[in-house]
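Visitor: I should like a close look at the aromatic rings of this protein. Please explain how they are arranged, and then place the ligand and a few further residues beside them.

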Amino acid sequence: MNKDAKIYVAGHRGLVGSAIVRKLKTEGYSNLFTYTHNKLDLTDQQAVDRFFETERPEYVLLAAAKVGGILANSTYPADIIRDNLLIQTNVIDAAYRYGVKKLLFLGSSCIYPKFAPQPIKEDYLLSSELEPTNEPYAVAKIAGIKMCQSYNRQYGANFICVMPTNLYGPNDNFDLQTSHVLPALIRKFHEAKLEGATQVVVWGTGKPHREFLHVDDLADACLFLMNNYDSPDIINIGVGEDLTIAELAHVIKDVVGYSGKIVFDTAKPDGTPRKLLDVSKLFNLGWTPRIGLVDGIRSTYEWFSKNKI
Ligand code: GFB
């Protein structure tokens, strides 16, 4: 991408989109389009069409999505499958019809089977059944992948699909009902410290493993792939190592400086037991992450303290 190319980042207010915008600006990309939800509703096909017809972006990074943690996925499954299917269908189709040179579609590690062999290679997609707690989300994301690949095959488009592992960082959702585990635990330990609470409740058994990637590393990988990857095959983005939820809770407890107890609420679901991505394909292209988990949690906690409380 040239530095003056017209680039549209869909979902620029979210965790991923805001990190991509920060990265593009830092790297000197100056012709960025961002539209708030009020100005452009991506679930509205006509509005999306009008936007592409008028603005004619050359490149699209599709980071707009309806997302949430394990509880949000079971509370709002209809909203999640509907909004994601609408947003991605409208944007991908308009990108093709208005001649976008390249589009990047963001998937998720939850597209892979619940009991996929670990670490998870890109080839394991659709090899066995999905994790039920986020199946509607995963099915929507898989539809997005198949749509990009079909447009590449039938129309010669250049739409790439990246599969990030669990993400965290500034602009994450810290709401305890709808967030993912890492921001939820930052809030829980922080509030417990302020209130002098004797214990913090962590959902599930604490035994599932998760891999965490700082969103600034994700944005760096997305830009790298926009400039260096043109294959229709999906590609994983992660760090290549994971830890248990119990271990994560201890790291966050230390970063926040909370001295009480951790208890596990085993009435809450664990979700998939493990989803460690095989990142050899990406690493072999020459990209590696830079932000370690403890440093990343520390800076995210600083951001949370400044912005959310
Ligand atoms: O991050 P999370 O909500 O989603 O939960 P998934 C990860 C693990 O952390 C689960 C446990 O085992 C949760 O039970 N956990 C412990 C907590 N305490 C908490 C808490 O306070 N809040 C939350 N949210 N979890 C997501 C999918 O799956 O992965 C999304 O729901 C998306 O669709 C994302 O794909 C990448 O990692 O299980």
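Guide: What follows treats the aromatic rings, then the surroundings of the ligand, and lastly two single residues. The model is a predicted one.

A pair of aromatic rings is described by the distance of the centres and the angle of the planes. In this structure the count of aromatic pairs comes to 12. One of them is formed by Tyr8 and Phe51, whose ring centres are 4.5 Å apart and whose planes make an angle of 55 degrees, a tilted arrangement. The two partners come from distant parts of the chain, 43 residues apart: Tyr8 belongs to strand S1, residues 7-10, and Phe51 to helix H2, residues 45-55.

Are these two residues buried or exposed? The limit for a buried residue is a relative accessible area under 20%. Tyr8 has 1% and is therefore buried. Phe51 has 5%, so Phe51 counts as buried as well.

A second pair consists of Tyr96 and Tyr155, with ring centres 3.9 Å apart; because the planes stand at 10 degrees, under the limit of 30 degrees, this pair is stacked. Tyr96 lies in helix H4, residues 77-97, and Tyr155 in helix H5, residues 135-155, so the pair ties together parts that are 59 residues apart in sequence. The relative accessible area of Tyr96 is 30%, which makes Tyr96 partly exposed. Tyr155, at 39%, is also partly exposed.

Ring pairs also build a cluster, which links Tyr8 and Phe51 with Phe33, Tyr35 and Phe52. A ring may have a charge over its face too: Lys3 lies over the face of Tyr29, at 5.3 Å from the ring centre.

The ligand comes next. Which residues come nearest to the ligand? There are 22 residues around the ligand, and those that come nearest are Ile70, Lys188, Arg210, Pro269 and Asp270. Two of these have polar side-chain atoms beside ligand oxygen atoms: for Lys188 the distance to an oxygen atom is 2.7 Å, and for Arg210 the distance to an oxygen atom is 2.7 Å. The protein covers 97% of the 700 Å² of accessible area that the ligand has on its own. Gly68 takes part through its backbone, where a polar atom is 3.5 Å from an oxygen atom of the ligand.

The shell around the ligand can also be described by its elements and by residue type. Helix H3 (70-75), helix H6 (181-195) and strand S7 (199-203) each supply at least two residues of the shell. Of the elements, H6 gives the most, with 3 residues. By type, the shell divides into 10 nonpolar, 8 polar and 4 charged residues.

Two single residues complete this account. Glu131 is placed in the loop between strand S4 (102-106) and H5. With a relative accessibility of 4%, Glu131 counts as buried, and its side chain reaches the backbone nitrogen of Thr272 at 3.3 Å. Ile81, by contrast, is found in helix H4 and counts as partly exposed, at 27% relative accessibility. From Ile81 to Gly271 the separation is 190 residues in sequence and 18 Å in space, C-alpha to C-alpha.

How values were computed. Residues numbered from 1 in each chain as written. Predicted model: local features only at pLDDT ≥ 70, side-chain atom pairs only at ≥ 80, totals over all residues. Heavy atoms only, no water. Near = heavy atom within 4 Å. Polar contact = N/O pair within 3.5 Å; in protein donor to acceptor, adjacent residues only side chain to side chain. Areas by Shrake-Rupley, 256 points an atom, 1.4 Å probe, with all protein chains shown as cover. Helix = DSSP H or I, 4+ residues; strand = E, 2+ residues; numbered from the N terminus. Nonpolar A, V, L, I, M, F, W, Y, C, P; charged D, E, K, R; others polar. Phe/Tyr/Trp six-rings, centres within 6.5 Å; stacked < 30°, edge-to-face > 60°. Buried < 20%, exposed > 50% of the residue type's maximum accessible area, 1.4 Å probe, protein only. Lys NZ or Arg CZ within 6 Å of the ring centre and 35° of its normal.
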